Amino acid sequence: MPLTFTLDPSVDRELRDGILDLWTDVTNAGGAVGFVAPVTREEIRPELVRHFVAMAEGRARLLVGHDEAGRVAATAFLTFNSHRLMKHWLWLYTVMVHPRHQGKGYGRDLLAAAADAALGFDGIEAIRLSCRGGLGLERFYASCGYKEVGRVPGAIRVAPGDDRDDVLMLLPLS
């Protein structure tokens with residue numbers, strides 16, 4: 001059964017806790033979403049609060065996918081540029097699908113829903129994201145229409161002696 005996507009859902013305790021659980025579970029399953037396993041909800045909470053502040057200030061929008069049981073199963077934050085010369089594209093951050101739903105095509109569905117949402121924002125012509133190299137993520141994003149437009153070797157230090165490339169991807173919306 002497909003996910004149900006909502007742009008800008010009301011932020012309440014259930015949504016907050018659902019995103020914290022999702023982020024924790026994705027990280028602890030080896031997902032590259034800003035943390036390294038093992039991680040707890042309390043370690044993630046301050047970062048989620050920063051995302052919520054950006055939303056409250058109008059700098060970011062939240063896209064959430066719920067599964068058939070109504071649980072938070074996927075998220076992406078669409079974040080606008082504040083630089084006056086870069087307002088024609090936005091960043092896609094914290095792209096996550098719960099491990100129990102991986103392999104069902106929900107990642108593709110999430111990216112398609114994010115692109116549809118971005119098309120509805122005035123003046124937005126492209127989506128940029130960055131991903132951690134060494135996990136095959138750039139191949140996945142490329143299969144969804146994103147093109148690799150840059151790579152910074154060793155920019156992400158996962159652990160001492162384990163540096164990964166920061167891979168910049170772009171999806172033109174026209």
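## Exercises on helices, a cis bond and unusual phi angles

The buried residues of H3 are Tyr-106, Leu-110, Leu-111, Ala-113, Ala-114, Ala-115, Ala-117 and Ala-118. Keep in mind that you're looking at a predicted model.

**Exercise 1.** Work out whether the length of helix H3 fits its residue count.

*Solution.* Start with the count: H3 covers residues 106–119, which is 14 residues. Next, take 1.5 Å a residue, applied to one less than the number of residues. That gives an expected span of 20 Å. Now look at the ends: the C-alpha atoms there are 20 Å apart, so the two values agree.

**Exercise 2.** Do the same for H1 and H2, then list what is buried in each one and what covers those residues.

*Solution.* Take H1 to begin with. Its 16 residues reach 22 Å from the first C-alpha to the last, close to the 22 Å expected. Buried in H1 are Leu-15, Gly-18, Ile-19, Leu-20, Leu-22, Trp-23, Thr-24, Val-26 and Thr-27. The cover over them includes H2, E2, E3 and E4.

Then turn to H2. It has 16 residues too, which should span 22 Å, and its end C-alpha atoms are indeed 22 Å apart. Its buried residues are Ile-44, Leu-48, His-51, Phe-52, Ala-54 and Met-55. Their cover includes H1, along with strands E2 (60–66), E3 (72–80) and E4 (89–97).

**Exercise 3.** Describe how H1 and H2 pack against each other.

*Solution.* First, the geometry: H1 (residues 13–28) and H2 (residues 41–56) meet at an angle of about 125°, and their axes are 10 Å apart. Second, the class: 65 to 115 degrees would be roughly perpendicular and over 145 roughly antiparallel, so H1 is oblique to H2. Third, the handedness: H1 passes H2 in a right-handed crossing.

Finally, the residues. H1 brings Arg-16, Asp-17, Ile-19, Leu-20, Asp-21, Trp-23, Thr-24 and Thr-27 to the contact, while H2 brings Arg-41, Ile-44, Arg-45, Glu-47, Leu-48, His-51 and Phe-52. Sorted by class, the contact has six nonpolar, three polar and six charged residues.

**Exercise 4.** Find the cis peptide bond and say where its proline sits.

*Solution.* Check omega between Ala-37 and Pro-38: the value is about -5°, and the bond is cis. Then place the proline: Pro-38 lies in the loop between H1 and H2. Worth a second look, because most peptide bonds are trans.

**Exercise 5.** Asp-8 and Thr-94 have positive phi values; for each, give the place and decide whether the residue is buried, partly exposed or exposed.

*Solution.* A reminder to start: most residues other than glycine have a negative phi.

- Asp-8 isn't a glycine, yet its phi is about 60°. You'll find Asp-8 in the loop between strand E1 (4–7) and H1. Its relative accessibility is 34%, so Asp-8 counts as partly exposed.
- Thr-94 has a phi near 50°. This residue belongs to strand E4. Its relative accessible area is 13%, and buried means under 20%, so Thr-94 is buried.

For a glycine with a positive phi, go to Gly-58, just after H2, where phi is about 80°.

**Exercise 6.** Locate Arg-139, decide whether it is buried or exposed, and give its separation from Thr-79.

*Solution.* Arg-139 sits in helix H4 (residues 137–143). With a relative accessible area of 62%, over the 50% cut-off, Arg-139 is exposed. Along the chain, Arg-139 and Thr-79 are 60 residues apart, and their C-alpha atoms are separated by 23 Å.

Definitions and conventions
Residues numbered from 1 in each chain as written. Predicted model: local features only at pLDDT ≥ 70, side-chain atom pairs only at ≥ 80, totals over all residues. Heavy atoms only, no water. Axes fitted to C-alpha atoms, helices over the stretch in contact; angles between N-to-C directions. Helix = DSSP H or I, 4+ residues; strand = E, 2+ residues; numbered from the N terminus. Parallel < 35°, antiparallel > 145°, perpendicular 65-115°, else oblique. Left-handed = near helix turned anticlockwise from the far one by under 90°. Contact = heavy atoms within 4.5 Å. Nonpolar A, V, L, I, M, F, W, Y, C, P; charged D, E, K, R; others polar. Buried < 20%, exposed > 50% of the residue type's maximum accessible area, 1.4 Å probe, protein only.
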